[in-house]
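Biologist: Could you walk me through how the labels on this model are earned? I would like to see each value set beside its cut-off.

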Amino acid sequence: MSSAEESRTPGTGWVGQAIRRKEDPPLITGQGNYVDDITLPGMLHTAIVRSPEAHATIASIDVTAARDHPSVVEVFTGDDLAREFEQGLAMVWSPPGVEIKTPLNLPLARGEVKHVGQAVAVVVGTDRYATVDAAEDVIVEYDPKPAVVDPEKALEDGSPLVWEDFGTNRTHQWGVAGGDAEAALREAEVTVERRIVNHRTAGAPIEPRSSIADPHGDGLTLYSSTQIPHIARFVLAGMLGMAEDRIRVVAPDVGGGFGSKLQVYGEEALMLALARRLGRPVKWTETRSEHMTTTHHGRDQINYVTLGADREGKVTALKARHVCDLGAYQLLLTPFIPELGFPVMGGCYEIPNIQLEFEGVFTNKFATDAVRGAGRPEATHWIEVMIDQLAAELDLDPAEIRRRNFIPKESFPYETPLGIVYDSGDYHGSLEKLLENFDMDGFRREQAEGRERGVYRGVGLSTYVEVCGLAPSRAVGPQGVGLQSAFWESAVVRVHPRGSATVYTGASPHGQGHDTGFAQIAADRLGIDPANIEVLHGDTDQGPMGWGTYGSRSLAVGGEAVGRAAVKVQEKAKRICAALLEAAPEDIELSDGKFQVRGSPDKAMTMAEIAGAAHIPPQELPTDIEPGLEETDFYDPENFVFPFGAHACVVEVDVETGKVEIVRWVAVDDCGPAINPMLIDGQIHGGVTHGIGQALYEQIVYDDEGQLVTGSFVDYALPTAAEVPMFETDRTETPSPVNRLGVKGVGEAGTIAASPAVVNAVTDALKPLGVTYMNMPLTPMRVWQAIEEARGRDGGGPARTEQGRSLDEHGRGAAGSGPTSPGEGGAA
């Protein structure tokens, strides 16, 4: 029987309550335990020597002076550790019929460096700060080579090659199509085209990465701030040529990840190799500048998008070509992340003809990979911006053009032209609820009045659909999309003799609230207060293997596994209760926290009483009931889940300075039935803030020589509480038929929705001035430049490089990350 056919287990009332997060008290009182808090006996410290060159041959490395420091134990180069690694860092996407160029990627470079910050040596010492000082005495001579940092220039004939052996900077090409987009575009009554830049960003979690490797006998323990402890063990065992059971990976408290810790990094492998070589614990914690330089970045795409439609605004065709800057190396999912958004690149809309093309490009930058949303924010950004651009072309209301193109509620489950099946949805419903909370007519009146006073406000809509709940293994595994992995999740539910419980999950949180939400799911099925349920995770020696936390999969896959394991425990508890109360198991029901005979509430047992009998069986208990009260579940979903929603952003633009202020944010999201509304609101708040950051402030910038310009928070601006409004959140609830809980993910929804809402709002605000489109980030300088261009005044004008690209605020070209002008394709 499929999960869609199975009935959902009624709970006892904990699910749906906004109870406070169980995990917070130690975290907000300074009692958390992060990797950098851990100190082991005899622990050594490391400092990594990194390349200042973006592309160069390593002529020589002199470690003599560093070794002479009194606190230094040893200094290693890539050649010194050549025998420690049987293979390089893993890249796990191998799509059928597509070759992806994947260079060897070792923890320490040998022979050449390909980007600024690449590790070339490591100093190991007894004192953390003295070791950093000693690293400055490692002398490396480089012979610089030409660098390329613009992905489109990297594809031109004669461009410097990142990898000469490949003979090209093109990493791969991949495409998917449904219908005939070319023919439909030729027949379209109106077409709109845009070059949309989704610039490079950083994950920037509050806790930088940190790793400690601890040797013990013939085994190793790695403490790491990772989102994926089990995957890390699997990959690292292969790199080091060790059996998996000889490596234990522990993720203690993790201070945020946002995808940047969905990775197996060279530093983790390096610490393990050093601990094995030296026989002592070895620790490394990155600095913030190291994080900006050598923790993977996100986004960095250029999207060439064409929409075709009839005069009534019905979209008939979509064609998009993606130029994707992958950096110099392929990390775990680097080439796959741009394509990960393809299942929802038609958005919430009935578009009969879709054609998508992807082109990966090597540049002399650090690798890109998953950052919150991972391919879905990029896809949603351009489809939602393009819907507004089409509305402007046809002089239609942005809400109305969406209504005309939404997939109807009655069409679900809905198969897109690309063969993707959306599980459930009510896009009209979420938009209408948004407009109940946001008086659009009233805003338009206020907007018109404000413009008469020189106040320029605008509103932007974003109606998104997300693909998440990664993932059905057969669809995305080796025989499907080509990921060399599986995506089921595991859970163990154990009830102890006195009636408390422990849940072991393969998911590994870094702020999502698993301890609370998973406890609520188990509580309803066990009749136990969530306060008496402990949720354990993040340790490969506890519980069964799991695949970690990313892609908004924790609840829809990990939580579903917890629920199923808890139901198995409940079923056994009912058998025990029935035997002791002399009733049939099918007559036992869980109500108000007790297992009782249906219709006879006086004949009841608590879970504590049942658990006591399960562990110390009385004579009345049949011998065919095994002792103990513990069950395991491995859940592999049949499909993705597809949450959706509608957001409205109101901005005010100071046309004299270009500063954008977000005045109001209204959000309606649908992630199915709520497990804990407070957790949903927290994820929406954080996700929207993340998207606002990219839209207005955040940008990783390299100059033309491959030097990182934004190497610290002095140059890389993050939004603070002062830059964001109070968020007005609401929900609709459309259950998914994919899982028994009916749930969908929400961790990335706000980020996916946010950036097009901001861009559409700024465009709406500046429409009277002739600005019809701008690429992110909408910094004051770029907005001011676009206004001046649209007004036809010089005003100092945007400074130009020889290639006609606008200079950024640092006076350098934002290579591969900026449009040809701030108002590209948009200054009418």
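Modeller: Gladly. A polar contact is a pair of N or O atoms within 3.5 Å, where one must be able to donate a hydrogen and the other to accept it. Keep in mind that this is a predicted model.

Biologist: What makes the pair of Arg195 and Asn775 a polar contact?

Modeller: A polar atom of the Asn775 side chain lies 3.4 Å from the backbone oxygen of Arg195. The limit is 3.5 Å, so the pair counts. The side chain of Asn775 also has a polar atom 2.9 Å from the backbone nitrogen of Val197.

Biologist: Where is Asn775 placed, and why is it called buried or exposed?

Modeller: Asn775 is in the loop between α19 (749-766) and α20 (780-791). Its relative accessibility is 1%, and buried means under 20%, so Asn775 counts as buried.

Biologist: Now the empty space. How many cavities of 30 Å³ or more are there?

Modeller: The count is eight. The largest cavity holds about 230 Å³. Its lining has 19 residues, and those closest to the centre are Asn105, Leu106, Pro107, His115 and Phe366.

Biologist: How do you know that the largest cavity lies between two domains?

Modeller: Domain 2 (35-145 + 208-254 + 261-294) and domain 3 (297-470 + 639-793 + 801-810) both give residues to its lining, so the cavity lies between them.

Biologist: Which element gives the most to that lining, and what classes of residue are found there?

Modeller: α7 gives the most, with three residues. By class, the lining of the largest cavity has 11 nonpolar, six polar and two charged residues.

Key
Residues numbered from 1 in each chain as written. Predicted model: local features only at pLDDT ≥ 70, side-chain atom pairs only at ≥ 80, totals over all residues. Heavy atoms only, no water. 1 Å grid on protein atoms, 1.4 Å probe; cavity = no way out; pocket = protein on both sides within 12 Å on 5 of 7 lines; lining within 4 Å. Points joined across faces, edges and corners; volume = space filled by probe spheres on them. Helix = DSSP H or I, 4+ residues; strand = E, 2+ residues; numbered from the N terminus. Nonpolar A, V, L, I, M, F, W, Y, C, P; charged D, E, K, R; others polar. Domains from an automatic or database assignment. Buried < 20%, exposed > 50% of the residue type's maximum accessible area, 1.4 Å probe, protein only.
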